[in-house]
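Biologist: I'd like to learn how to read side-chain packing and charge pairs in a model like this one. Can you walk me through it, starting with the rings?

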Amino acid sequence: MQPFVKLADPSAYIACSWDLTIDRAGRDYWVDFFIKHLETLLALGVAAAVDRGESNSEASDRAQRCREEFHPTFRAFQSDPTGQGRVTILTLDEWRDQILRRHGFVDPMIDLKDRENEKVIGMLPDVCREIDLHDPRDQLLTIIKGVFAGNLFDMGAKASAKMFADGTAPTFFETRGKLTPRPWLIDDFDSLAHRFETHRHHKAVFFIDNAGSDFLLGATPMIRWLAQRGTQVVIAANERPTLNDMTVHDVKRWWPRMREAEPSLATLPIEIVSTGTGEPLIDLSKVSDELNAVAKDADLVIIEGMGRGVESNLDAKFSCDALNLAMIKDESIAARVGGKVFDCVCRFR
């Protein structure tokens with residue numbers, strides 16, 4: 001694991017700038033959120049274990065032992081943040097997933113991810129055909145809006161997790177139609193469009209985010225569009241499961257189905273690699289050798305999702321063109337960047 005090869009200055013890189021050891025209000029908010037959100041993860045994890053043959057009592061016992069380690073760990077940091085070094089949301093992600101894995105909950109949202117993928121895969125050709133009908137500039141705007149709409153499926157964010165948990169989440173097309181109008185909270189779309197009009201990138205590294213509509217209806221149409229322009233596209237996905245993020249193994253498992261649904265994908269210059277990471281935020285100071293090997297000659301980096309592109313890496317500097325795309329689905333993140341829940345971010349530099 002080495003720094004991402006496209007970082008402009010790895011020695012100056014900070015993945016996540018929000019230091020919770022010195023921000024009491026932020027620390028209280030996030031510790032309380034993680035403890036409450038643990039119940040969602042454990043409920044899904046127990047259900048997945050039972051579906052795979054474990055008894056409910058055994059899986060529930062593991063969940064209780066997980067709580068008994070999780071709560072004291074997070075509450076201890078909340079009451080006394082000293083002695084842990086610099087702690088960010090990324091650190092809390094790592095603590096959570098380590099504890100879950102120790103108690104056998106390696107991929108608690110696996111069935112939820114598959115259900116959402118199954119629900120939307122049939123819509124992929126429709127989304128692609130619609131994009132194809134637009135002229136080039138409108139294609140790009142429709143694609144970017146689609147990335148925002150797809151990114152609503154986020155079980156690690158307060159506002160969106162509630163909608164998907166209680167069944168009130170709007171469809172992809174409904175979400176896209178009701179996006180906050182431009183100018184977005186961060187809106188570099190015009191400079192992005194100009195860049196694409198005047199330049200064809202050789203290779204793009206696309207850091208993907210969640211399963212379901214996020215990957216299949218948001219990220220994939222953009223990946224397809226780039227590849228159709230002659231850009232080699234590297235799909236960079238987590239090695240290890242976390243929340244409802246697509247791992248590299250999920251992508252490889254679903255890719256044949258996606259190519260069957262949208263045959264144009266089969267002939268395009270697209271490859272799938274592991275980032276070597278395993279959290280919903282991403283620390284680009286430690287990525288896989290595989291990713292660095294294929295990214296050496298990339299001239300575009302795309303970071304998609306609130307965790308990867310706003311909570312972490314919003315201000316990261318790269319040695320090539322870089323694009324951050326996300327919908328904000330948490331009130332504390334929105335406040336920190338001067339916006340509101342469901343605002344959109346399109347940062348291009």
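Modeller: Happy to, and keep in mind that this is a predicted model. For aromatic pairs, the program looks at how far apart the ring centres are and how the planes are tilted. In this structure there are 15 such pairs.

Biologist: Let's take one. How are the rings of Trp30 and Phe34 arranged?

Modeller: Edge-to-face. Planes over 60 degrees apart earn that label, and the planes of Trp30 and Phe34 sit at 65 degrees, with the ring centres 6.3 Å apart. Both residues belong to helix 1, and because they are four residues apart, about one helical turn separates them.

Biologist: Are Trp30 and Phe34 buried or exposed?

Modeller: The cut-off for buried is under 20% relative accessible area. Trp30 comes in at 3%, so it counts as buried, and Phe34 is buried too, at 3%. Phe34 also pairs with Phe33: their ring centres are 6.0 Å apart and the planes stand at 80 degrees, so this pair is edge-to-face as well. Phe33 has 12% relative accessibility and therefore counts as buried.

Biologist: Which residues do ring pairs link into a cluster?

Modeller: Trp18, Tyr29, Trp30, Phe33, Phe34, Phe70, Phe74, Phe77 and Trp95.

Biologist: And where does a charge lie over a ring face?

Modeller: Look at Arg62, which lies over the face of Phe105 at 4.4 Å from the ring centre. Arg182 does this with Trp184, at 5.4 Å from the ring centre.

Biologist: Now the core. Which residues in the largest nonpolar core touch the most other members?

Modeller: That core has 119 residues, and the ones touching the most other members are Phe4, Trp30, Phe207, Ile208, Phe215, Met222 and Leu284. Helix 1, residues 24–51, supplies the largest share of the core, 12 residues. To get a feel for one member, pick Phe215: leaving aside residues up to four places away in sequence, it touches Ile208, Asn210, Thr220, Ile235, Met246, Val251, Trp255 and Met258.

Biologist: On to the charges. How many salt bridges does a search of the whole structure find?

Modeller: It finds 29. One of them joins Lys113 and Asp250, whose closest N and O atoms are 2.7 Å apart. That pair connects distant parts of the chain, with Lys113 in helix 4 (residues 110–120) and Asp250 in helix 11 (residues 248–261), 137 residues apart. Lys113 and Asp250 are both buried.

Biologist: What about a salt bridge inside one helix?

Modeller: Try Asp132 and Arg129, which meet at 3.4 Å, N to O. They both lie in helix 5 (residues 124–132), three residues apart, about one turn of the helix. Asp132 counts as partly exposed because its relative accessibility is 34%, and Arg129 is partly exposed at 38%.

Biologist: Does Asp297 count as buried or partly exposed, and what about its partner Lys203?

Modeller: First the bridge: the closest N and O atoms of Asp297 and Lys203 are 2.9 Å apart. Asp297 sits in the loop between helix 12 (289–295) and strand 5 (300–304), while Lys203 is in strand 2 (residues 203–207), 94 residues apart. Asp297 is partly exposed, at 39% relative accessibility, whereas Lys203 is buried, at 7%. Elsewhere, salt bridges that share partners tie Asp93, Arg96, Asp97, Arg101 and Glu279 into one network.

Conventions
Residues are numbered from 1 along each chain as its sequence is written. This is a predicted model: local features need pLDDT of at least 70, side-chain atom pairs count only at pLDDT 80 or more; totals for chains, interfaces and linings use all residues. Side-chain values use heavy atoms; hydrogens and water are left out. A nonpolar core is a set of buried Ala, Val, Leu, Ile, Met, Phe, Trp, Tyr and Cys residues joined through side-chain atoms within 4.5 Å. Buried means under 20% relative accessible area, exposed over 50%, partly exposed in between (1.4 Å probe, protein chains only). Helices (H or I, at least four residues) and strands (E, at least two) are DSSP runs, numbered from the N terminus. Contact means heavy atoms within 4.5 Å. Rings of Phe, Tyr and Trp (its six-membered ring) pair if their centres lie within 6.5 Å; planes under 30 degrees apart count as stacked, over 60 as edge-to-face and the rest as tilted. A charge sits over a ring if NZ of Lys or CZ of Arg is within 6 Å of the ring centre and within 35 degrees of the ring normal. A salt bridge is a side-chain nitrogen of Lys or Arg within 4 Å of a carboxyl oxygen of Asp or Glu.
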